[in-house]
Amino acid sequence: MKVRVYPPAYATKQPLDRDGFLELPENSTLGAVHDALGIRFPYRQVGLCFVNYRFARSSVRLTEGDTVSYLAFVSGG
Amino acid sequence: MSDHCWRGKILVVDLSGGTCTPRSIPDEVYEAVLSGLGLGVWYLNRAIPPGADPLGPDNVLGITSGLLTGAGPVMTGRWMAVCKSPLTGGWGDSNCGGDFAPAIKHCGFDAIFFHGISPKPVYLLVEPSGAKLMDAAAYWGADALETERRLVEAHRKNRKPAVAAIGPAGEKLSLIAGISNDSGRFAARSGVGAVMGSKRLKAIVLSGARPVPCADPGGVKSLNVEYSGKVRRAEFPRFVKGAFLPLMGKAMGALPSSIPLDGMLTTMLMRTWGSCSNNTLGLQNGDVPVKNWSGSVRDFPPPKYRAINPDRITERQKYRYHCYSCIIGCGGICDISDIEGREGALAHKPEYETVISFSALHLNSDLDSVFRINELLNRAGMDTISAGMTAAFAIECFENGILTLEDTGGLELRWGDARAVIVLLEKMIAREGIGDILADGVKKAAERIGKGSGKFAVHAGGQELPMHDPRIDPMLGVVYSADPTPGRHTTSSGLYYSTSALWDKVSWLEPFAIHPKKEDHEPSRTEASHNVAMTCFKMLVDGSGGCYYAMMGGIRHFRLFDYLNCATGWDKTADDYMEIGKRIQTLRQLFNIRHGVKPRSFRMHDRAAGSPPLASGHNKGITLKIDEMIPLYNEAWGWDGASGAPLAETLEKLSIPALLALQPAGNGAPDA
């Protein structure tokens with residue numbers, strides 16, 4: 001299955017295709033995305049991650065087409 | 001009645017003659033430039049003669065609604081004020097939310113254009129029975145919020161009318177005056193309030209109920225369901241507090257790469273804190289200008305900046321505020337009943353721009369004073385960014401002996417002294433003493449004061465810079481310096497491009513390549529083309545009545561191209577729409593060329609470009625290569641690289657001569 005990933009700047013991006021999708025085995029969890037992107041201690045513990053714009057723990061199971069976003073502050077005025 | 005989402009009608013008001021005349025607009029105009037900003041720039045290019053005095057009878061003030069406004073798409077409740085700007089001498093526009101945009105279309109028009117100057121103060125009243133000018137003597141002198149309240153009361157029948165008004169600042173032709181609606185939403189920039197004041201037009205009252213049609217309501221509904229579902233879910237976990245933001249700002253600012261970002265995270269910030277989410281975060285990542293652009297977070301450290309923790313601001317929020325058709329609700333209505341000197345008990349939450357303009361920029365850590373100033377300026381109808389920048393300029397002049405106690409009427413202007421700033425602002429609003437010198441913004445003030453004060457007057461082409469430092473985002477610096485409305489942070493930036501996902505749909509853009517941030521500081525054709533793409537998209541947003549915060553979500557969420565096709569019945573591609581964006585932007589630039597503006601004269605103040613570089617903070621040592629970037633930007637538009645003038649072949653390719661030959665015509669009475 002494929003999920004769209006907005007990686008944090010400190011992650012390894014090579015596993016992503018040019019459109020930002022990551023291929024994963026069926027029934028993978030969010031932890032598998034962390035693993036694929038090389039996100040380890042301490043970022044794995046303190047970083048904020050969202051699945052379909054809901055805050056999610058590593059154990060959350062993913063489905064085809066999900067969007068995984070790591071917190072990157074963007075603002076305006 | 002047609003089923004597309006534009007009216008095909010405008011109302012032309014001749015203030016000198018006292019007449020209101022509906023006119024028809026050919027459909028080709030909408031296909032070429034949409035409505036909103038596009039319709040405005042088409043009309044004003046034809047209607048304002050070169051050399052017109054911005055405060056004279058030949059200037060035309062346009063109030064336009066977006067192409068999508070009222071037709072069903074969410075996040076499309078913005079209206080535009082357009083005119084020749086008295087601040088820059090060139091193209092002026094200003095964008096605003098509230099409840100006014102749909103009211104224009106509910107009256108049967110896409111836009112209202114005001115020509116001439118009224119011999120006495122008037123306001124425009126548009127009702128189902130027609131449009132007429134009314135005597136405004138009883139309202140002249142009243143503040144903008146009070147004017148709105150009284151006019152709503154006077155003209156409320158079956159429905160509440162929408163009212164846009166100027167305050168005393170606009171009446172007194174302060175060049176930094178804006179236009180207010182919905183009790184404090186502002187079209188603040190470009191000096192549009194001064195133009196309205198010069199026409200002796202106090203207010204516009206709209207009371208219509210004509211529904212706005214839509215070519216494919218089902219299509220619009222399904223887009224809305226998808227987008228609003230995402231927005232509804234987009235919330236931070238409760239343990240994320242405002243105190244967390246500076247740390248994250250520091251961490252994110254230190255990271256080395258530029259990456260594509262999920263714009264929906266912007267929505268989370270807006271839903272939680274509104275634009276103030278950037279207050280302390282931006283101080284740590286270098287986005288916030290400090291001490292009139294000469295300092296850094298070292299000058300406004302945590303003990304001071306904790307006062308503007310966004311949690312402190314939302315503590316006062318009684319309820320969330322949404323503009324028309326908004327699903328985010330970045331605004332808030334705050335209880336200010338305990339604030340010294342306030343006039344009302346409730347007021348709009350100050351925006352990020354206002355908070356920074358009167359805190360970090362002045363080294364002021366008194367948050368209550370910011371609430372007081374926000375209300376003072378909203379009532380006066382004066383732009384908070386320009387007023388804050390002008391006060392910072394005055395403080396720096398005083399601190400350096402250029403202004404003296406004699407000049408200020410005994411007012412001691414020091415960094416961090418908010419009480420003195422409030423007195424100064426009151427003088428500016430009333431145009432008394434030093435206030436009269438400062439009431440037209442920093443460029444005019446520096447010309448009047450002389451003595452080398454220009455080195456403290458931070459502006460671009462006469463427009464005071466907003467509260468975003470281009471030293472962390474060089475594309476922003478190019479826009480500040482080379483856009484037809486200079487000193488504008490909402491048009492384009494590297495950050496906006498990284499959230500836009502335009503590369504998904506636009507054939508001439510490559511997928512976003514993750515790259516070292518330092519590459520963004522090198523002049524390149526790639527960077528220039530990204531800037532052009534983002535600006536084209538913003539032109540479409542402003543032609544549609546779209547919200548800037550929806551734009552920042554990007555097209556994977558706010559699917560503007562699809563919304564436009566559904567609401568209009570067109571079948572255009574993303575590339576077709578981007579060409580429309582290019583046409584609108586080139587028309588804005590053409591306006592400036594026709595009026596003798598030399599675009600290179602808009603280059604922003606050296607201080608904002610990092611010359612001299614800062615000695616501390618995130619932007620320490622950075623100097624932008626802005627003079628090398630601007631020619632590349634101009635060339636990417638098809639304009640002359642050196643002068644910025646659109647090339648003849650570009651005008652032809654965009655069919656601009658033929659477009660400008662089209663005329664408003666026929667009977668423009670609104671459809672029943």
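1. How many residues does helix α17 of chain B have, and how far does the helix reach from its first C-alpha to its last? In this predicted model, α17 spans residues 418-430 of chain B, has 13 residues and reaches 18 Å, close to the 18 Å expected at 1.5 Å a residue.

2. The two ends of this helix can be described separately. At the N-terminal end, D417(B) acts as the cap, with a side-chain oxygen lying 3.2 Å from the backbone nitrogen of R419(B). After the helix comes R431(B), whose phi is positive, near 55°.

3. The buried residues of α17(B) are A418(B), A420(B), V421(B), I422(B), L424(B), L425(B), K427(B), M428(B) and I429(B), and a lysine is therefore listed here beside nonpolar residues, K427(B) being counted as buried under the cut-off of 20% relative accessible area. These buried residues pack against several helices of chain B, namely α5 (168-171), α14 (367-380), α15 (384-399), α16 (405-408) and α18 (434-438).

4. The largest nonpolar core has 190 residues, and those with the most contacts inside it are M75(B), Y227(B), F393(B), L502(B) and F537(B). Helix α15(B) gives the most to this core, with 10 residues. A second, separate core of 31 residues includes L11(B), I104(B), F109(B) and L124(B).

5. For M75(B), once its neighbours within four places in sequence are left aside, the contacts include Y227(B), the run S325(B), C326(B), I327(B) and I328(B), and also G545(B), G546(B), C547(B), A550(B) and F558(B).

6. R556(B) deserves a separate look, and its place is in the loop between α23 (548-553) and α24 (560-568) of chain B. Is R556(B) buried or exposed? R556(B) counts as buried because its relative accessibility is 15%, which is under the 20% cut-off. Its side chain is joined to that of Y6(A) by a polar contact of 2.6 Å, and to that of D504(B) by a polar contact of 2.7 Å. Leaving aside its neighbours within four places in sequence, R556(B) is in contact with residues of chain A, R4(A), Y6(A) and D19(A), as well as with E226(B), K230(B), A501(B), W503(B) and D504(B).

7. Chain B also holds an open sheet of three strands in the order β14-β15-β16, with antiparallel pairing. Its edge strands are β14 (317-321) and β16 (346-348), each of which pairs on one side only, and neighbouring strands are turned by 25° against each other on average, direction ignored. Three bridges join β15 (residues 331-335) to β16(B), and the bridge partner of C334(B) in β16(B) is A347(B).

Note on methods: Residues are numbered from 1 along each chain as its sequence is written. Chains are lettered from A and ligands numbered from 1 in the order in which they are written. This is a predicted model: local features need pLDDT of at least 70, side-chain atom pairs count only at pLDDT 80 or more; totals for chains, interfaces and linings use all residues. Side-chain values use heavy atoms; hydrogens and water are left out. Helices (H or I, at least four residues) and strands (E, at least two) are DSSP runs, numbered from the N terminus. The expected span of a helix is 1.5 Å times one less than its number of residues. Buried means under 20% relative accessible area, exposed over 50%, partly exposed in between (1.4 Å probe, protein chains only). Contact means heavy atoms within 4.5 Å. A polar contact is a pair of N or O atoms within 3.5 Å; within protein, one must be able to donate a hydrogen and the other to accept it, and residues adjacent in sequence count only if both atoms are side-chain atoms. A nonpolar core is a set of buried Ala, Val, Leu, Ile, Met, Phe, Trp, Tyr and Cys residues joined through side-chain atoms within 4.5 Å. Two strands pair if DSSP finds at least two bridges between them. Axes are lines fitted to C-alpha atoms, for helices over the stretch in contact, and angles run from 0 to 180 degrees between N-to-C directions.
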